[in-house]
Amino acid sequence: MHRYNALVFTVFVIFVALKQVTAQGARRSEPELTFAETVYVRLSSACRALVDLQYNSMNSQNGIVKTMKITHLDGTMTKTFPIDEAYQTLIQPSMFDITKQTKIIIHGYRDSSQSSVSQDLADAYNDKNIFNVLLVDAAEMMNKGYVLSVHNARLVGKRLANLLANLENFGANAEDFHLLGISLGAHIAGWTGKYFKQYKSRSIGRITGLDPAGPCFSYAYADQRLDKTDALYVDVVHSNRLVQGVIEPLGHADFYINGGGPLQPGCMVPSCSHLRAANVYAESIKTPKSFVGIRCQSWKHFEENACEVNDYAVLGYGSSTATRGLYYLRTSASSPFGLGMEGAKHVKPSMNNWLMALT
């Protein structure tokens with residue numbers, strides 16, 4: 001009966017959302033959105049209503065939060081431990097170095113810290129031997145239905161913020177914390193930043209959102225998703241907007257690779273385009289300054305080579321924390337993706353190049 005009532009509520013909310021789109025027509029609360037974008041926003045709003053219903057009806061989640069794990073990478077050594085043991089383990093001798101920046105990778109929906117995309121990011125940082133590298137594993141909390149996973153994501157962020165606050169008490173500098181969130185993990189990073197600020201009355205250093213999840217989050221209030229107020233510097237890479245990725249800018253600097261999607265060159269399925277943001281970022285760690293964007297009003301302006309003159313910014317590892325605005329760039333269809341300064345210019349693809357991308 002409870003499942004039936006939830007299904008009825010779901011259908012009702014979606015119906016209301018779509019009815020709002022039809023009724024409002026050209027009168028949109030969100031500026032300059034296409035009809036498809038408006039439908040996407042309304043469905044995200046309906047999703048948030050379901051999350052609120054789920055959140056308000058649930059009992060304590062202390063049990064499932066205990067399933068979280070932290071993995072620590074240090075050269076060739078890898079150690080994984082439960083979240084409740086993380087602080088005491090990390091403060092042991094030769095574990096966590098308070099003089100280093102700390103890179104924290106957070107996976108997304110139906111994923112884990114063992115996925116290739118999370119491991120690529122962690123390994124790229126670990127190879128430099130100058131960072132503390134941590135991976136968050138909340139697979140059991142992110143492997144539920146999407147709505148419940150969205151609800152759980154807030155709990156993951158809160159628990160992670162508690163760990164970071166304790167590490168700061170141990171001597172770490174809050175400005176040295178850099179969270180990299182993939183898809184739903186980007187919003188976990190946002191909540192981590194929010195809760196950390198509540199606990200410590202100051203902000204963590206940086207959050208990087210790698211194609212932040214769109215469903216449930218597009219055009220949500222700032223306290224419901226990743227926002228530029230969650231860290232001293234928030235940079236976002238968009239690659240699958242209007243499908244799995246959020247459609248609007250969220251950070252101090254937002255980079256739209258190949259227009260931000262929805263389809264990336266060389267990709268035939270949404271998941272490929274969605275994860276391209278993380279793939280590009282991992283490559284930037286290995287080859288800094290290989291991704292350069294140009295500040296622009298829109299992808300249309302980029303295609304017309306009508307962007308800000310000489311206003312460039314580096315995406316990824318070498319990104320300056322002073323970067324502000326929207327940046328667009330091209331990449332290749334396969335690794336290596338970086339095109340350097342050439343990526344900041346629009347080049348009309350030939351028919352032959354288009355055919356080669358499909359092979």
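The paragraphs below describe three disulfides and one pair of packed helices in a predicted model. Residues are numbered from 1 along each chain as its sequence is written, and side-chain values use heavy atoms, without hydrogens or water. In this predicted model, local features need pLDDT of at least 70 and side-chain atom pairs count only at pLDDT 80 or more, while totals for chains, interfaces and linings use all residues.

The structure holds three disulfides, a disulfide being a pair of cysteine sulfur atoms within 2.5 Å. One of them joins Cys47 and Cys216, whose sulfur atoms lie 1.5 Å apart, and this link is left-handed, with -60° about the S-S bond. Both Cys47 and Cys216 are buried, where buried means under 20% relative accessible area, exposed over 50%, and partly exposed in between (1.4 Å probe, protein chains only).

Another disulfide connects Cys267 to Cys272, with 1.9 Å from S to S. Cys267 counts as buried because its relative accessibility is 2%, whereas Cys272, with a relative accessible area of 26%, is partly exposed. Cys296 and Cys307 also form a disulfide, with their sulfur atoms 2.0 Å apart, and both of these cysteines are buried.

Turning to the helices, H5 (residues 116–126) and H9 (residues 270–286) pack at an angle of about 15° with their axes 9 Å apart; helices here are DSSP runs (H or I, at least four residues), numbered from the N terminus, and axes are lines fitted to C-alpha atoms over the stretch in contact, with angles from 0 to 180 degrees between N-to-C directions. H5 and H9 are therefore roughly parallel to each other, a description that covers angles under 35 degrees.

Notes
Helices (H or I, at least four residues) and strands (E, at least two) are DSSP runs, numbered from the N terminus. Angles under 35 degrees count as roughly parallel, over 145 as roughly antiparallel, 65 to 115 as roughly perpendicular and the rest as oblique.
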